[in-house]
Amino acid sequence: MATETRKESPHLKRFHYTQDVAVDKPFNWQQLVRLLEYLKPYAKTILPIAIIAMLVSTVVRIVVPILIGTVAFDMAIENHDANLLMQLIVGIAILYGLSYIGNMVRIKYVNLLGQNVIYDLRKHLFSHVQRLSNRFFDNRSAGSIIVRIMNDINSLQELFTNGIINLIMDVITITTIIIILFVLSPELAAAVVIIIPIMFYISTRLRKNIRRSWQQVRIQQSRLNSHLNESIQGIRITQSFAQEKENTEFFDGVNSDNYANWKNATRKSAMFRPFVEMSNAFGVAILLAFGSFLIINGNVTVGVFITFALFMNMFWEPISRLGQMYNQLLMAMSASERIFEFLDEEPNVKEKEDAKSLDDIEGHIEFDQVQFAYDEERIALHEISLEMKPGQSVALVGHTGSGKTTIANLINRFYDPTKGAVKVDGHDLRDVKLDDLRQKISVVLQDTFIFSGTIMENIRFGRPDATDEEVIEAAKVVGADDFIQRLAEGYETEVEERGNILSAGERQLLSFARALLADPKIIILDEATASIDTETEVKIQKALKRLLSGRTSIIIAHRLSTIRDSDNIIVLEHGKILEQGNHDELMEKQGEYYGLVKSQFQMLDDL
Amino acid sequence: MDIFKKLKKYYWPYKRFLILSLISMLFVTVITAAYPVVLQLTIDEVIYPGNFELIPMIVIAFILLMSIKALTVFTQQYLGDLFGISTVYNVRDDLYKKLQRLSFKYYDNAKTGDLMSRLTADVEGFRFFLSFGFAELLRVFSMVTVSLAVMLYYSVPLALVTIAVMPFLAVSVYMFDKRVHPAFLGIRRSFGRMNTRVQENISGMNTVKSLSREDFEIGRYEDKGENYREHYIKTAKIWAKYMPFMEFVGNVSVVALLAYGGYLVMQGSLQPGELAAFFSLVWMFLGPLMNFGFVVNMFSQAKASGERLLEVLESDLELDDRIEPKGESVKGHVTFNDVTLTYVEDDDEALKDISFDAPPGKVVGLIGATGSGKSSITQLMTRFYQPDKGEVLIDGKPTAEYSLKDLRQHIGFVLQEPFLFSTTIKENISYGNPEASMDDIIDAAKRAQAHDFIMDMPNGYDTLLGERGMGLSGGQKQRISIARALLINPSILVLDDATSAVDMQTEFKIQSALKEVMHDRTTFIIAHRISSLKHADEILVLDDGEIVERGKHDFLLQNNGPYQRIYDIQYQDKEAILGKQHV
């Protein structure tokens, strides 16, 4: 192994990946009850059918060994009673037939149950997440949210499919077998059931230990995978800086750690079955010795002995499954804790019960003494008052962190102000219906998100009920039609977020078409800073004019040309308005804005 | 089998694990079959004849046998696993080394998702077969053979009755496997589609919220969720159809056994203990057969996985790096002589007959529309690609005559997309020069105008960046990647649209700092903004892979060419804004 280089290499810590810590959650009954509530809709339909089917096959499984031992051997064969044997065979055949049907029904219905519950739960979580506010998404990476919706819910699948039914089945099986054994022969039963606690002990304790070491392996593995993923995405940087060797040393370290952990876990796992075999053998040995002793004394018949022998083989499976069940429950606990954490999250921006609907608006916006803080120490806006008239275009100018984006986010009611009020056409935003408000406002973001699907579908995202003609019309107005027509399949071309079919400029045009289709009264635009070549830039400027005409528009502006054409320019710094007015007024004033413009051009001439 | 032969060098060094594991497996099988024999002996030789003095011997023999079994169960499983994971350790190492060296051309066509699934799922599929597959295959054969042999030894006619159900079982195993694997594939695909849906929704949440499309999104999700549920239930139905049937077939065999065996016992041609043993033996015989389909499927999946791994391991490196690094220094004199480049065969040329000369100290500006070939020129200097015609010389020597390490260590690249790794800011800046001192790192950061905002962060240079540099603005990421390039103290610096997200004042400061550092070295600037490259000693205007115009800014302004047009578009603002102000 590469242990030698590991000690020497200085590159073992060159990357850091967030690591989960393996902790066992204490068993939480309340949480389990809450989880089981998802079974309720099926408590009178699927669940009882599954349980009855399960009972049928369990009963058959327990009854047949008794029949074979005590009836077939002790009565029929012992007494050469061919007739009884015949009847018995018919009886067993019928039982097996019943068990066959029971099994079919059980497998079908437990899966129906499990899948329906999982579907409901995931839908509930997904819909809930849709309603959460931006603040929720600000604090979390997309990956961590996706993991909860997909993986955490999936890890409950087995619990709801087979877990609960098997739990009932196994408890019934074990107790019934023990009772039967005691009825058949109390002495022999008492002797062999000694192995049950031993098996339980092995199944829970040893397994817990094994599970911990596998958790360790999984954590290592996810570290290894994170690095692989990143090294593929950053390969061009790695090769430009000739860091292949150094990275390989890092990977060697991760790979060796992973190997060592895996070896440890697999060694522990491999010890599990031998222990089980031995405890089982111990039980059989007791049966052989004590059983024969009892037969000599005439306390037990040969048939009972055979029944015991057949049942001995049936102990392990349910006990093992119960042990597994315990592990499964622990895992389900930690998964459901994460799921419930999301479900208990309340949207910060909530609609009032008696919210007014907002039909037609003019597009008049007013900020009345608005203060906003993302958290207590960080005040983003200091009691700002401003007015945007219908149809006016307003440019927000200032450095990163000056409050431009915050103003835009408040108009859209992504957040609520900490003090003061934001009003549209005189209505406080907190009094109107959220959907109505957002339907009147479109936000065009700097990083346009492209959903996988056709171009047509992507533009239609702005208004799902738009016809093909309307989509194409919108594309034409913003000047996107040209490049779309040039694509191999036109509007039916499949695109995706990470695909490279569209350039940055083309994506921008698509988002304009999307916004135009939504036909909002108010547009909020975050001007792109991405690299766009000059020809495309010209097209974007033209499209912008068409998009904004007749609407109130708020532009987080970066280009002087956009700023100059605005009706009102608001210059912000540290959450305060420094000055406002149109271009000519501000230039005349020779204030902050004048300095900004002047210095930009001066710098260019100095170079 | 060819695939396993090709991958032999990864697993054959561990053949002793495999062989010992397989030997253990044989022990396990034989001893498992001994359980019914012990039962039979106890009933027939001890209990019925009343030879109870044999009991201690049987019990001791049994415990002894089971101890051996426990031991071999352990070695079989542990060594089998070890065989798999040791092999995979080697495969991973080789895959990683390969990935580090594959060319840009390879990555142009590769998808991260596809590569990742090879590195994870296929590696795992291959390991699974090595760890369990071989042993499982042997187990099925040995179990069936041994249990059949014991049955035949006890009673030929009864054994024949037992195996009479085999054809039914074989047919249902075959049918089941044929139907269940596509169904499982269906579940996986459906899950994948649902995953993509959710992933897009969460990543595009800003877009969803700003257009108020939550309900629409819930509807789109539900389709996928329902589809997943349907796929799962469909598979469960296949399961419900065949699994109970297979068990039923085994049970029919038990009933037949009881009828015919009971008759034989009554007749006196079979011992009761032998009949009891048959009830265990029948499941030892039928159980592995039910598993046979699973084993076969595992084998074919391992083959497919191995093939996909080989595709990566055997892919062409495109360029060979046989020259040993000599620690050669590079002054930075770049010369292109009639260079032509084609990315994909039969495609149009990306560069056509490009020639220029850039001695140390010179600043070259590259401008042109997206796809005009600006980046291609710079990527030829580092040999990310190789020219089809013409030569690329560094200090008068063709790039192919340098070792890649020597060459690339002297070229500082700032790529269009400022990729940062998940590590500290400090490690990110020193990525190309891990030995750099803290002073040098701070110095580079200051020149790239990154020092101030780094110091504003809670942990300064030790701040950890998440995947893809989360938490930093585009401009900040660009500045860190400029610092990263400066820290290797490059003789040639390439800025590929490196300041597009940086505001003008900061860009100006960066340019002044660069002017100072790069005065005796070569700089290439790719940009769309004229302000970023107007100070260049030579500006190359590219269109469709050709240089259509070249010269200094002042000359190009008078040239009535594309440069002048770009200038006019960008600077009509200036005139409109400043014209009447007389600044």
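In which handedness does α9(A) pass α6(B), left or right? I would like to start from that crossing, with the reminder that what we are looking at is a predicted model. The answer is that α9(A) passes α6(B) in a right-handed crossing, and the two elements concerned are helix α9 of chain A, residues 195-233, and helix α6 of chain B, residues 112-154, whose axes come within 10 Å and cross at roughly 145°. On the side of chain A the contact is made by A:N225, A:L228, A:N229, A:I232 and A:Q233, while α6(B) brings in B:T112, B:L115, B:M116, B:L119 and B:T120. If you sort the residues of this contact by class, you find five nonpolar, five polar and no charged ones.

Let me widen the view to the interface as a whole. Here 128 residues of chain B are in contact with 126 residues of chain A, and on the chain B side the largest share, 25 residues, comes from helix α10 of chain B, residues 214-267. By class, that side of chain B is made up of 70 nonpolar, 35 polar and 23 charged residues.

Now the two chains taken one at a time, beginning with chain B. Its secondary structure comes to 21 helices and ten strands, and its radius of gyration is 36 Å, well over the 25 Å that the globule rule gives for 583 residues, so chain B is more spread out than a compact globule. Along the principal axes, the C-alpha atoms of chain B fill a box of roughly 125 × 60 × 55 Å. Of its 583 residues, 45% count as buried, and among the contacts in chain B with a separation of 6 or more, 78% are accounted for by residues 24 or more positions apart.

As a single point of reference in this chain, take B:V30, which sits in helix α3 of chain B, residues 15-47. Is it buried, exposed or partly exposed? With 16 other C-beta atoms within 10 Å, B:V30 is partly exposed, because a residue counts as buried only from 20 such atoms upward and as exposed at 12 or fewer. Its C-alpha atom is separated by 41 Å from that of B:L313, which lies 283 residues away along the chain.

Turning to chain A, we have 22 helices and twelve strands. A compact globule of 607 residues would have a radius of gyration near 25 Å, but chain A has 36 Å, and its C-alpha trace spans about 120 × 65 × 55 Å along the principal axes. Of the 607 residues of chain A, 42% count as buried, and among its contacts between residues at least 6 apart in sequence, 81% join residues at least 24 apart.

I will spend the remaining time on two sheets of chain A. One is an open sheet of four strands in the order β2-β1-β4-β5, with antiparallel pairing. At its edges stand β2 (378-388) and β5 (427-428), each with a single partner strand, so one side of each is left without a neighbour in the sheet. Within this sheet, β1 (residues 365-375) and β4 (residues 419-424) of chain A pair in the antiparallel sense over five bridges, and A:I365 stands opposite A:V424 in β4(A). Helix α13 of chain A, residues 404-411, packs on the sheet, where it touches β1, β2 and β4, and its direction makes about 115° with that of β1(A).

The other is an open sheet of six strands, in the order β6-β9-β10-β3-β11-β12 of chain A, and here the pairing is mixed. Its edge strands are β6 (441-444) and β12 (576-581), each of which pairs on one side only, and neighbouring strands are turned by 15° against each other on average, direction ignored. One parallel pair in it is β3 (residues 393-397) with β11 (residues 568-573) of chain A, joined over four bridges, with A:V571 in β11(A) as the bridge partner of A:V397. Helix α13(A) comes back at this point, since it lies across β3, β6, β9, β10 and β11 of chain A, running at about 150° to β10(A). Helix α18 of chain A, residues 504-518, also packs on this sheet, touching β6 and β9, at about 180° to the direction of β6(A).

Finally, a word on the loop between α12 (302-343) and β1 of chain A, where A:D360 lies. With 7 C-beta neighbours inside 10 Å, A:D360 counts as exposed, and its C-alpha atom is 91 Å from that of A:T301, a residue 59 positions away in sequence.

Methods:
Residues are numbered from 1 along each chain as its sequence is written. Chains are lettered from A and ligands numbered from 1 in the order in which they are written. This is a predicted model: local features need pLDDT of at least 70, side-chain atom pairs count only at pLDDT 80 or more; totals for chains, interfaces and linings use all residues. Two residues are in contact if their C-beta atoms, placed from the backbone, lie within 7 Å. Ala, Val, Leu, Ile, Met, Phe, Trp, Tyr, Cys and Pro count as nonpolar, Asp, Glu, Lys and Arg as charged, and the others, Gly among them, as polar. Axes are lines fitted to C-alpha atoms, for helices over the stretch in contact, and angles run from 0 to 180 degrees between N-to-C directions. A crossing is left-handed if the near helix is turned anticlockwise from the far one by less than a right angle, and right-handed if clockwise. The radius of gyration is taken over C-alpha atoms; the globule rule is 2.2 Å times the number of residues to the power 0.38. Two strands pair if DSSP finds at least two bridges between them.
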